[in-house]
Amino acid sequence: MNEGKPTKAKWWSRPRPQGPAGQAEGAPAAPGEYSAGTEGAPPVPGPTADGDYELKQPQQPADAADAGGDFALRSPRDAVREDGSSEPEPGREPGTPPEDRVPAGTQGDGDFELSLPVTRTAPAVEEGTADPSPKPLHDPDPYSTPPYGEPGPWAPAPPVQHPAGTPSHGTAIPTPPQAHGTPAPAPGAPSFADAPPPAPYAETPSTPPPANPWRNYDPWAPVPLPTSLQQNGAAVPTDGRRKRARKVLVVGAALLALVSGGVGGAVGAYLESNGGVGDVELPQADAEPAGRAPDSVAGIAARALPSVVTLHVSGAEEQGTGTGFVLDDRGHILTNNHVVEPAGADGDISVTFHSGDTAKATVVGRDSGYDLAVVKVTGVSGLRPMNLGNSDSVQVGDPVVAIGAPFDLEGTVTSGIISAKERPITAGGESGDGSDVSYVDALQTDAPINPGNSGGPLLDSKARVIGINSAIRSADDGSDSGGAQSGSIGLGFAIPINQGKRVAEELINTGKATHPVIGVTLDMDYSGDGARVGTKGNDGGPAVIAGGAGDKAGIKSGDVITAVDGQRIHSGEELIVKTRAHRPGDRLELTVERGGEELTIALVLGSSDGD
């Protein structure tokens, strides 16, 4: 391209003479006009300033059938000289046609030369009249870039073809299609004579030609590309490809999800089986102050544990483990009678303190009716006596803490509440004569108590002793004194500390405990409601001891005692429990049924020495 250079219109964009100002193509020359090679014609000028030559106007053919309005090429022998004259062949007269002329391409060198353009004289145009010569429809193309530039004024420019892809190596390049009606040139000798004007390229049958393809033609506008192109640039249907592309995307997404799921599952399984990657550092709370609230379980245990001891007892026939607590700084320790009973008269009792120190202990006194015993250690300093509470002030629902050595696990702490008060229970009775049966008006708790807890303290919220853990109710049998190897089911019983304190003082001071008595023998086989006085005593004597508390109050054989101080009783065991909950000399009020009448009798409790 000659960018920026003004150029002259080329021959392919120049108009042919037509209309009233000139003759049609193939018509005879007008007067005053000459054709190159005609006798009497003026000299033919040379090339123009830009080096172009103009084709001469064809001569009037002799035969009307030869008139086609085209320019004919001449043989080189008839070439026009630069001075305008023709140079005849040697040995031939001027104007005589050569005898050896043959069709182009058959003999000779076969070359053709263009004749020099004929100098034309433009006809004069009178002033005031319209110029009859044809004018271009638009200015010449300043870029001189046909066929890709702006089309000429007389004929449409060739259609723009999209270049086809380069064939693969070894693939035959297809021959471009010939326009309809255009003969194929003979091999080896192209003929340009009588060539028809160029025809537009034939459209493929698949694409219908537009009505006027060059109406809004703009060579510099961007060419819209079809959605899908073949190698030759033609549009192809896209529905199949879109479906295939959609299927490919769906399959690819499914495969990606499957692979991702498999990889994720494998990684998760590996992390789960190996505990993750890298070192494991578990979260942990910061250190807190060691102190606890005094009324919390931890605070109660911290204050009470130094006063709790574990007893290991061994005798000639059996051995066992129990718990006790320090009563004073002299070395007296309170525990259950059934804990030290296996030692007998010559057994061994070892005491282990919370600090881990151990010491030998001896029995000071014990009472099977109350199931209490006191032992003493010597040569031990730094003892911490346990604070005693008041069991009469305890209410149902109060929180409690139990400390003991269940199954020889010393220092075990459990907690619960007071489930009930004044629960009459009996324990022991293994001797068969009833001499070892204990009657307790007990405190019931749900704090876990197990074998080994017997003799340990039951504490209130101020770490004060309110009871001595003595018995549990097991699921397979009745009452349990704690010696049998059975577990807790949430039914534990403790001797009230008020009763334990009185018995412990008597055992320490006198070596034995006194029991309050009514002075009558009860019929333990009576199945009715209440406690019935028997007909005779255990030794065969009268059921009401002469001169005893009952005899003085007027109780007779066969009377049924139904209440003590207004509290209903249902059996002889309950009457004994209620009686032993008092001290000797206490005043009681009994409700008695005699001969269908109900009587109220008051009496003062007597005393026995623990027989």
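Here a biologist asks a modeller how some descriptions of this predicted model were reached.

Biologist: Let's start with the overall picture. How many helices and strands does the protein have?

Modeller: There are six helices and 20 strands. Of the 611 residues, 30% are buried. The protein exposes about 38000 Å², and carbon and sulfur atoms supply 53% of that area.

Biologist: What makes S1 and S2 a pair?

Modeller: Two strands count as paired if at least two bridges are found between them. Strand S1 (residues 308–314) and strand S2 (residues 319–326) share seven bridges in the antiparallel sense, so they satisfy that condition. Within this pairing, Thr310 stands opposite Thr323 in S2.

Biologist: And in what order do the six strands close into a barrel?

Modeller: The order is S1-S2-S3-S6-S5-S4, with antiparallel pairing. On average, neighbouring strands of this sheet are turned by 40 degrees against each other, ignoring direction.

Biologist: Which strands does helix H4 touch?

Modeller: Helix H4 (residues 497–510) packs on the sheet and touches strand S3 (332–335), strand S5 (358–367) and strand S6 (372–377). The direction of H4 makes about 50 degrees with that of S6.

Biologist: How do you know that the span of H4 is close to the expected one?

Modeller: The expected span is 1.5 Å times one less than the number of residues. H4 has 14 residues, for which 20 Å is expected, and its first and last C-alpha are 19 Å apart, which is close. The buried residues of H4 include Ile497, Val503, Ala504 and Leu507. After H4 comes Gly511, which has a positive phi, near 85 degrees.

Biologist: Why is Thr352 called buried?

Modeller: The cut-off for buried is under 20% relative accessible area. Thr352 has 11%, so it is buried. Thr352 lies in strand S4 (residues 348–352). Leaving aside neighbours within four places in sequence, Thr352 is in contact with Val309, Thr310, His312, Asp357, Thr358 and Glu410. One of these, Thr310, is the residue that stands opposite Thr323 in S2.

Biologist: What makes you describe helix H6 as mostly covered?

Modeller: In H6 (residues 572–580), seven of the nine residues are buried. Among them are Gly572, Leu575 and Val577, along with the charged-type names Glu574, Lys578 and Arg580.

Biologist: One last point: what share of the contacts between residues at least 6 apart in sequence joins residues at least 24 apart?

Modeller: That share is 62% in this protein.

Notes. Residues are numbered from 1 along each chain as its sequence is written. This is a predicted model: local features need pLDDT of at least 70, side-chain atom pairs count only at pLDDT 80 or more; totals for chains, interfaces and linings use all residues. Side-chain values use heavy atoms; hydrogens and water are left out. Helices (H or I, at least four residues) and strands (E, at least two) are DSSP runs, numbered from the N terminus. Axes are lines fitted to C-alpha atoms, for helices over the stretch in contact, and angles run from 0 to 180 degrees between N-to-C directions. Contact means heavy atoms within 4.5 Å. Buried means under 20% relative accessible area, exposed over 50%, partly exposed in between (1.4 Å probe, protein chains only). Accessible areas come from the Shrake-Rupley method with a 1.4 Å probe; for residues, only the protein chains shown count as cover.
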